Amino acid sequence: MSKKIVALIVILLIVVVGVVATLLLQGNSNNENQSEENRNLIAETEDTQNNETINNVNTESNETETDTDTETDTQNGKALIVYFSQSGNTQTVANFIHEAVGGDIVRLETVKTYSSNYNDLLDEAQEEQRNNARPELKTKIDNIEEYDTIFLGYPNWWGDMPMPLYTFLEEYDLSGKTIAPFVTSGGSGFSNTIRTIREYEPNANVVEGLSISGSSAGSSQDEVEEWTSSLGF
Ligand SMILES: Cc1cc2nc3c(=O)[nH]c(=O)nc-3n(C[C@H](O)[C@H](O)[C@H](O)COP(=O)(O)O)c2cc1C
């Protein structure tokens, strides 16, 4: 073999080795990019799951916690959704509000347990009204001063708020805050409850409320969103 041919073969070998090496390196960096993307995805998923956990914890334990919701930074400041619900209708609306405005959500629970029998509950609620009762709240909100807007929700009970709402309004001073009331009912709507809230919280700005029929709570999401955006959220 002539020296020229040997040299040519050596050059060819060097080129081939170079090309193979370049391809291998590219493959590696692609894999690294891929696993970086996967990590980000998992992190995002974990983030979402963590946020959901916080929201669940809020509902379950009745403690309010600040989550990382940026939607709360509207002109109306930070929102807290406080609601009482016996059979779940008001809770459904409360959750739609939470989805729309962010912030924190807390269910008002009493130390006593209301009857799960509808007729007994009717009697119990009527009796409490007659006695102007103030059922003790199990739920405590330690950081209410952090919130600018309080969405306050309850079912209509005998043309009024359930008595635990009176306990709440007496326990917490909402001066300087905006109160956005919402109610679910069998048709009575708010009755006189807006006026009552204004009496109990004379230094709060009580804005136009949202009344939803209990039977259509589950399909009220659009109406809820219209209302919250009319309030600037
Ligand atoms: C004790 C009691 C009293 C009620 N009184 C009224 C009433 O006066 N007017 C009305 O329209 N609905 C009345 N309802 C129906 C509730 O307001 C309605 O079912 C509401 O959506 C229940 O909300 P919740 O599922 O969040 O507890 C009453 C229900 C109960 C349990």
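Select asparagine 132 in this predicted model: the residue sits in the loop that joins helix 3 to strand 3 (149–155). Its phi is positive, near 50 degrees, and asparagine 132 is a residue other than glycine. Show the C-beta atoms around asparagine 132: 8 others lie within 10 Å. With 12 or fewer counting as exposed, asparagine 132 is therefore exposed.

Step back to helix 3 (118–130), which asparagine 132 follows. Put a distance label between the end C-alpha atoms of helix 3; they are 18 Å apart. The helix has 13 residues, and at 1.5 Å a residue these should span 18 Å, so the two values agree.

Next, go past strand 3 to tryptophan 158, in the loop between strand 3 and helix 4 (163–171). Here too is a positive phi near 50 degrees in a residue other than glycine. Is tryptophan 158 buried or exposed? Neither term applies: 14 other C-beta atoms lie within 10 Å, so tryptophan 158 is partly exposed.

Now select the ligand and the 21 residues around it. Which of these come nearest? They are Ser85, Thr90, Pro155, Gly186 and Gly214. Colour the elements that each give two or more residues to this shell: helix 2 (89–101), helix 3 (118–130) and strand 4 (178–185). Helix 3, already visited, is thus also one of the elements around the ligand.

Finally, colour the shell by residue class. It holds 15 polar residues and 6 nonpolar ones, with no charged residue.

Note on methods
Residues numbered from 1 in each chain as written. Predicted model: local features only at pLDDT ≥ 70, side-chain atom pairs only at ≥ 80, totals over all residues. Near = placed C-beta within 6 Å. Helix = DSSP H or I, 4+ residues; strand = E, 2+ residues; numbered from the N terminus. Nonpolar A, V, L, I, M, F, W, Y, C, P; charged D, E, K, R; others polar. Expected span 1.5 Å × (residues − 1). Buried ≥ 20, exposed ≤ 12 C-beta atoms within 10 Å, placed from the backbone.
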